[in-house]
Amino acid sequence: MFNEATLLRDPAPSPVLNARGKRGTMTVKRAGPPKVTTIRDRENTDWVACIAAIRDTQDQTAFARLFGHFAPRVKAFLMRSGADATLAEECTQEVMATLWQKAHLFDPARASAATWIFTIARNRKIDALRKQKRPEPEDLPWGQDPEPDQADMLALQQESDQLGDAIASLPAKQRELIEKAYFSDLSHSEIAAQTGLPLGTIKSRIRLALDRLRHAMK
């Protein structure tokens, strides 16, 4: 009788006849484990093909596919690593332009498509911060693994839209100060110098605006 241990061992040599009619042995080799192809592997194959199409024929359809997939992920990565929305958008545009112009530099034997694209993004972020003479933020993990979940991206987009609507509904005087303080990153003193308003008025209007926004976002 055969048990499980017997079946897992290499099969015993089987007697065969050689060319002279004498008995010999033939060893049956077991096949190795099948190669597992993951969804990520298949996706990378598609992205590599798109980059090759851009390199060889400047295929705009292939570029549109890459742009639609990677542009929002690159921007999210840059914002998580400390870039504001404007800088993240500018760097993302530069990354995708580099993808179009430098597709011939991509070597799929050295890195996946995502790794190559996020490496470009990281380098663009560092270059931009150096030009602004700002300290470089602590590096975050990047590439395919930390990509935000689709549900998280949708929730973030909905919150961003809701906040945009709430800001737009503020009284003009409050909205102007919120935009200067949070979008232009100006201090209260800088706002006072620009507008000629007293500091007390600026602080009061910003406090009222923030109260309105908190109620709107509940």
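This report walks through the fold, the nonpolar cores, one helix pair and the aromatic contacts of the structure above.

**Overall picture**

Keep in mind that this is a predicted model. The protein chain has nine helices and two strands, and going along the sequence you meet them in the order α-β-β-α-α-α-α-α-α-α-α. Of its 218 residues, 27% count as buried. Now for the surface: the protein chain exposes about 15,200 Å², with 53% of that supplied by carbon and sulfur atoms. As for contacts with a separation of 6 or more, 54% of them in the protein chain are between residues 24 or more positions apart.

**The cores**

In soluble globular proteins, nonpolar side chains tend to be buried together. Here the largest nonpolar core holds 31 residues, and the members that touch the most others are I51, L66, L78 and L99. Four elements give two or more residues to this core, namely α2, α3, α4 and α5. Which element supplies the largest share of this core? That would be α5, with nine residues.

I51 is a handy place to start looking. Leaving aside residues up to four places away in sequence, I51 touches L66, L99, A103, F106, A113 and W116. There is also a second, separate core of 13 residues, and I167, L170, L186 and I202 are among them.

**How α3 and α4 pack**

Two packed helices are described by the angle between their axes and the distance between the axes. For α3 and α4, the angle is about 145 degrees and the axes are 9 Å apart. Their crossing is right-handed. On the α3 side the contact includes F63, L66, F67 and L78, while α4 brings in residues including C91, M96, L99 and W100. L66, L78 and L99 have already come up as residues that touch the most other members of the largest core.

**Aromatic pairs**

How many aromatic pairs are there? The count comes to five. Two of them are set out here.

| Pair | Ring centres | Angle between planes | Type |
|---|---|---|---|
| F77 and F118 | 5.7 Å | 75 degrees | edge-to-face |
| F106 and W116 | 5.2 Å | 40 degrees | tilted |

F77 sits in helix α3 (residues 60-80) and F118 in helix α5 (residues 113-131), so this pair ties together parts that are 41 residues apart in sequence. Are these two rings on buried or exposed residues? F77 is buried at 2% relative accessibility, and F118 is buried with a relative accessible area of 2%.

The F106 and W116 pair is tilted because its planes are at 40 degrees, and the tilted class takes whatever is neither under 30 nor over 60 degrees. F106 lies in the loop between α4 (85-101) and α5, and W116 lies in helix α5, so the pair ties together parts that are ten residues apart in sequence. F106 is buried, with a relative accessible area of 7%, and W116 is buried too, at 15%. Both residues are also on the list of what I51 touches.

Finally, F63, F67 and W100 form one aromatic cluster. These three residues also take part in the contact of α3 with α4.

**A partly exposed spot on α2**

A49 lies in helix α2 (residues 39-57). Its relative accessibility is 46%, so A49 counts as partly exposed. A49 and P108 are 59 residues apart in sequence, yet 9.9 Å apart in space, C-alpha to C-alpha.

Methods:
Residues numbered from 1 in each chain as written. Predicted model: local features only at pLDDT ≥ 70, side-chain atom pairs only at ≥ 80, totals over all residues. Heavy atoms only, no water. Buried < 20%, exposed > 50% of the residue type's maximum accessible area, 1.4 Å probe, protein only. Contact = heavy atoms within 4.5 Å. Areas by Shrake-Rupley, 256 points an atom, 1.4 Å probe, with all protein chains shown as cover. Phe/Tyr/Trp six-rings, centres within 6.5 Å; stacked < 30°, edge-to-face > 60°. Core = buried A, V, L, I, M, F, W, Y, C linked by side-chain atoms within 4.5 Å. Axes fitted to C-alpha atoms, helices over the stretch in contact; angles between N-to-C directions. Left-handed = near helix turned anticlockwise from the far one by under 90°.
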